[in-house]
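User: Hi! I've got a model open and would love to go through it with you. Could we begin with any enclosed space inside?
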Amino acid sequence: SSLTMEKSMLMKSFLEAKWTEVSQLSPAERLQHMRKMRSRTPDNEQYRIREEVSATWSRPISKLPIAIDLPRLARKFRVDAHLGGKLLCGPFPPSTPVPACIHDLMNTLCRHLDCDGDAEAPAAKRLAAALSDHVSPADETDGSKISAMVKKLVADEEAFDHDGRMARVLKACHQSTVAPFFRKLKTGLGSAVMFNSVPGTWHINVIARGASGNVEVKHVMTEAILEEETRRPICQFQWRVEIGFNSDISDILVANFDVLGLGFAAESSAAERKVLESRFSEYGFDPKQKNMILQPMRCMTIS
């Protein structure tokens, strides 16, 4: 089938890129890379996680926590036409009212993904009218009221196409999408490693390649690790979840998790650093790559 062929070509491209990357390493670095890959989570677990993410994503949008998460994350969205390409909307300044962010975000996604960029297309006009009806006033600040507005909008199936490409993308933009990776991370780090999300650091990047191109959704967030007994800050780390869809957004082809960076508090010990760097190596972290080392922590706010 075309879907099977698309998956095969995507995997071929991925493997070719990885081989090019590995072939440039020295023999010693290549051996270290092979050992790291053998020590990682088996492929069957990665497959299980992707299937769990797919099962959650396949649920009706009205059964997912969109009405809760969209208002609290709306300012943190960024939509690009393609990787490194034209910025379509977001991220929004902190002063931007949340309903206004939701209007801009949803209108942009609908216009770009479902209407070939045509703001006068029937679907785009229906959604714009529904947003004006349901998600207003545009300067509302009460979070619970905004959530109720979004819930009412999603329930309006005449204006909000549950099977549209925009709706399928939004179904990957909430906390249930990242939950399987989060559980895997907690298990991998061990029960003795406590960490909390750093408020305001969750960002979502939608790479929308138009009405016929593949779409990616990337979640990035920063966590703070605390010493178990004293809750003394030890380090912060930044993780990323990548969800890749096929061209008609009918299936999830890629669901990956990795650690982008790690930054230690000045008070952290050498032993703590060594242990955590070793554990994070399971998730793609390499302390030898300076771009993966976050700036030293100067302050921390724990939710």
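User: So, which residues line the largest cavity?

Analyst: This is a predicted model, and in it the largest cavity is lined by V53, T56, W57, K171, A172, H174, S176, T177 and I252. Two elements, α3 (43-57) and α9, each give two or more residues to that lining.

User: Which element gives the most to it?

Analyst: That's α3, with three residues.

User: And how does the lining of the largest cavity split by class?

Analyst: There are four nonpolar, four polar and one charged residues in it.

User: How much space lies in there, and how many cavities of 30 Å³ or more are there?

Analyst: The largest cavity holds about 30 Å³, and the count is one cavity of 30 Å³ or more.

User: Okay, on to open sites. What lines the second largest pocket?

Analyst: Its lining consists of A192, V193, M194, I225, L226, E227, E228, I234, E272, V275, L276 and R279. The space in this pocket is about 200 Å³.

User: Which elements supply at least two residues there?

Analyst: Those are β5 (215-226) and α10. Helix α10 gives the most, with four residues. By class, the pocket lining has eight nonpolar, no polar and four charged residues.

User: Let's zoom in on E272. Where is it found, and is it buried or exposed?

Analyst: E272 is in helix α10, which covers residues 270-280. Its relative accessibility is 18%, so E272 counts as buried, the cut-off being under 20%.

User: What does its side chain make a polar contact with?

Analyst: The partner is the side chain of R232, at 2.7 Å. Setting aside neighbours within four places in sequence, E272 is in contact with E227, R232, I234 and F264. Of these, E227 and I234 also appear in the lining of the second largest pocket.

User: What about V275, buried or partly exposed?

Analyst: V275 counts as partly exposed because its relative accessibility is 41%. Like E272, V275 is found in helix α10. The C-alpha atoms of V275 and L189 are 9.9 Å apart, though 86 residues separate the two along the chain.

User: Switching topic: how many disulfides does the count come to?

Analyst: Zero. Take C101: the nearest cysteine sulfur belongs to C89 and is 9.0 Å away, and C101 is in no disulfide.

User: Is C101 buried or exposed?

Analyst: With 0% relative accessibility, C101 counts as buried. C173 has 3%, so C173 counts as buried too.

User: Any odd backbone geometry I should look at? Which peptide bonds are cis, for example?

Analyst: Two to look at are G90 to P91, with omega about -15 degrees, and S136 to P137, with omega near 5 degrees. P91 sits in the loop between β2 (87-89) and α5, while P137 is in the loop between α6 (122-134) and α7. As background, most peptide bonds are trans.

User: And which residues have a positive phi without being glycine?

Analyst: D116 has a phi of about 55 degrees, and I249 also has a phi of about 55 degrees. Neither one is a glycine. In general, most residues other than glycine have a negative phi.

User: Where do those two lie, and are they buried or exposed?

Analyst: D116 lies in the loop between α5 and α6, and at 66% relative accessibility D116 counts as exposed. I249 is in the loop between β6 (233-245) and β7 (252-264), and at 0% relative accessibility I249 counts as buried.

User: Nice contrast. How many residues of helix α4 are buried?

Analyst: Six of its eight residues are, so α4 (residues 66-73) is mostly covered. The buried ones are I66, A67, D69, L70, P71 and L73.

User: What do they pack against?

Analyst: They pack against β1 (77-80), α5 (98-114), α7 (143-155), α8 (165-170), α9 (175-189) and β4 (203-208).

User: Last one: how many helices and strands does the chain have?

Analyst: Ten helices and seven strands. Buried residues make up 43% of the chain's 303 residues. Of the contacts between residues at least 6 apart in sequence, 65% join residues at least 24 apart.

Conventions:
Residues are numbered from 1 along each chain as its sequence is written. This is a predicted model: local features need pLDDT of at least 70, side-chain atom pairs count only at pLDDT 80 or more; totals for chains, interfaces and linings use all residues. Side-chain values use heavy atoms; hydrogens and water are left out. Buried means under 20% relative accessible area, exposed over 50%, partly exposed in between (1.4 Å probe, protein chains only). A polar contact is a pair of N or O atoms within 3.5 Å; within protein, one must be able to donate a hydrogen and the other to accept it, and residues adjacent in sequence count only if both atoms are side-chain atoms. Contact means heavy atoms within 4.5 Å. A disulfide is a pair of cysteine sulfur atoms within 2.5 Å. On a 1 Å grid over the protein atoms alone, a cavity is a set of points where a 1.4 Å probe fits but cannot get out, and a pocket is an open set with protein on both sides within 12 Å along at least five of seven lines; lining residues have an atom within 4 Å of a point. Grid points are joined across faces, edges and corners, and a volume is the space filled by probe spheres set on the points. Ala, Val, Leu, Ile, Met, Phe, Trp, Tyr, Cys and Pro count as nonpolar, Asp, Glu, Lys and Arg as charged, and the others, Gly among them, as polar.
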